[in-house]
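Thank you for making the time this morning. I would like to walk through one structure with you, starting from its internal spaces and working outwards to the backbone.

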Amino acid sequence: YWRRKDFDFIGLMLPAYARKGDALDCTLWYKGKSFDFAFPRVEDPSPAPLTINYKVPHGFNYIAPGMGAVTQNGRFDTFTASPQGLYSKYSHCGYASGYDTVPFTTKSGLAVNFLKSEHINKRNFKCYIPDEIYQPTIIGAFDYYNAFLGSPSAVFNFYVFPESESSAPGVVGIAQAACVSEGTMAALGGFHTLAGPLVARQWFGPQMRPRTDRDIWIAEAMPLYLGAMYIKDSVGVGEFYSHIINRQDTFFTIADLGRDMPLASGSRGEPMCRFNKDFWVVHMLRFLMFDPATSSDQTFLKFVRDLALLTNMKLFTNNDVIRLAEKHYGQKLDWFFDQWLYGHNYPDYDMRWGVNKADAGWSITCNARVGKVDSTFAMPVLIRISGVAGESQTVRQFISGASAEFTLGPFPFEPKDFHFNEYFGVLAKINSSK
């Protein structure tokens, strides 16, 4: 449902349910034109209060954010839903199955209610996720985010329904019938790949209010990246980096076809490029703020927490996000956002390195050539030096322009290996040789 002033009223005539719990996808046509994907391109989709009047078949159970009392009128039930907050886009799948409510209180004190439907079971669905996996994984995601973000704005109870994958404040749709236990999905984290991002949308998603479509990338990227961080914390670092590499390779494939557009162009860009690039921009911001001496993410986590306060229930722009990132980074970041938010393409590093012994210790001489980007491109790169006896030290080197020569060290140990772009901190292709 897209909010726009030239539509005073929209009514939907719904077909009969084929099965209890069916979801309906609707596309709006106006004067012969489909508005399914057109509205995100409106420059100023001003948020507005939303009220929906429901007239629905009697005999089902319904739940919707801001739902009022239900009145029976013959074969139909009527009620009004007035969700909290303003919306420029409202995505909602009203739960219409017979269900039991299974309440939980998480370790951090959040009230999470699972809506359990009889027709979603192992007998009817091949890829059914049992309750003993489904429920603890979702509860774990709530506790993970609540630990450093606090409770989402204006939400006191959460309802999790096992159909669709939509989300509204207080309502989380996470499929309980999903093929995530084998193949690629298992290597990426299995069911956590669904639960993590969809729960994260309670902090970064429906309650975020980008002022225009050009500011929407952060609302798309943060749930995905926080979902990957939850996978790293609860499943393993290997699955986390599988996400990183898969999204990197997908972006490379599309960008090399000439279909990379600036993230600030909003939904005009190629979707597969946009949804992988915006994820990577958040990843790179994280490692700009990373402390290699202590391996600490605390600065980035504080940035994410303040970003939630900045964007939830308030209008924001790209400039607001940039200024907040600069506050936590401690310096201007125009060079970063000029490339990754307002620019396109990615760097191609060709790195040559050699080891030298001197009285002060061991040092490494480096010669870097940077291709595919213009001469104004600049990025700090994390480099890990490992020694012959297992020693290790990580340093950050700022590389600008088409080429750079620099020396690292001195090190108190004899270097053995040179790990350029540690933690995959820069979205780039790397060729490194001694």
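What volume does the second largest cavity have? It comes to about 60 Å³, where a cavity is, on a 1 Å grid over the protein atoms alone, a set of points where a 1.4 Å probe fits but cannot get out, and lining residues have an atom within 4 Å of a point. The volume itself is the space filled by probe spheres set on the points, with grid points joined across faces, edges and corners.

Before going further, I should say that this is a predicted model, in which local features need pLDDT of at least 70 and side-chain atom pairs count only at pLDDT 80 or more, while totals for chains, interfaces and linings use all residues. Residues are numbered from 1 along each chain as its sequence is written, and side-chain values use heavy atoms, with hydrogens and water left out.

Returning to the second largest cavity, its lining includes Arg259, Asp260, Cys273, Arg274 and Lys277, and by class that lining has 4 nonpolar, 3 polar and 5 charged residues. Here Ala, Val, Leu, Ile, Met, Phe, Trp, Tyr, Cys and Pro count as nonpolar, Asp, Glu, Lys and Arg as charged, and the others, Gly among them, as polar. Cysteine 273, one of these lining residues, is buried at 2% relative accessibility, buried meaning under 20% relative accessible area, exposed over 50%, and partly exposed in between, with a 1.4 Å probe and protein chains only.

The structure holds 4 cavities of 30 Å³ or more, and the largest cavity has about 70 Å³ of space. Its lining includes Met284, Phe287 and Leu288, together with Met379, Pro380, Val381 and Leu382. Two elements, α6 and β17 (378–387), give two or more residues each to that lining, and β17 gives the most, with 4 residues. By class, the lining of the largest cavity divides into 8 nonpolar, 1 polar and 2 charged residues.

Helix α6 deserves a moment of its own. Helices (H or I, at least four residues) and strands (E, at least two) are DSSP runs, numbered from the N terminus, and α6 covers residues 271–288. Its 18 residues should span 26 Å at 1.5 Å a residue, and the end C-alpha atoms are indeed 26 Å apart, the expected span being 1.5 Å times one less than the number of residues. Because 15 of its 18 residues are buried, α6 is largely enclosed by the rest of the structure.

There is also an open space to consider. The second largest pocket has a volume of about 310 Å³, a pocket being an open set with protein on both sides within 12 Å along at least five of seven lines. It is lined by 16 residues, of which the closest to its centre are Pro65, Gly66, Asn157, Pro169 and Gly170. That lining contains 12 nonpolar and 4 polar residues, and no charged ones.

Which cysteines form a disulfide? Cysteine 127 and cysteine 179 do, with their sulfur atoms 1.8 Å apart, a disulfide being a pair of cysteine sulfur atoms within 2.5 Å. The pair links distant parts of the chain, 52 residues apart, with cysteine 127 in the loop between β9 (111–117) and α1 (131–149) and cysteine 179 in the loop between β12 (171–173) and α2 (183–188). The link is right-handed, with 80° about the S-S bond. Cysteine 127 is buried at 18% relative accessible area, whereas cysteine 179 is exposed at 56%.

Let me turn to the backbone. Most residues other than glycine have a negative phi, and most peptide bonds are trans. Against that background, a cis peptide bond joins glycine 409 and proline 410, with omega about 5°, and proline 410 is found in strand β19 (residues 403–411). Asparagine 345 has a positive phi of about 75° and lies in the loop between α9 (334–340) and β15 (348–358), where it is partly exposed at 22% relative accessibility. Phenylalanine 424 likewise has a positive phi, of about 50°, in the loop between β20 (415–420) and β21 (429–433), and it is partly exposed at 33%.

To close with the whole chain, the protein has 9 helices and 21 strands, and 50% of its 434 residues count as buried. Among contacts (heavy atoms within 4.5 Å) between residues at least 6 apart in sequence, 66% join residues at least 24 apart.
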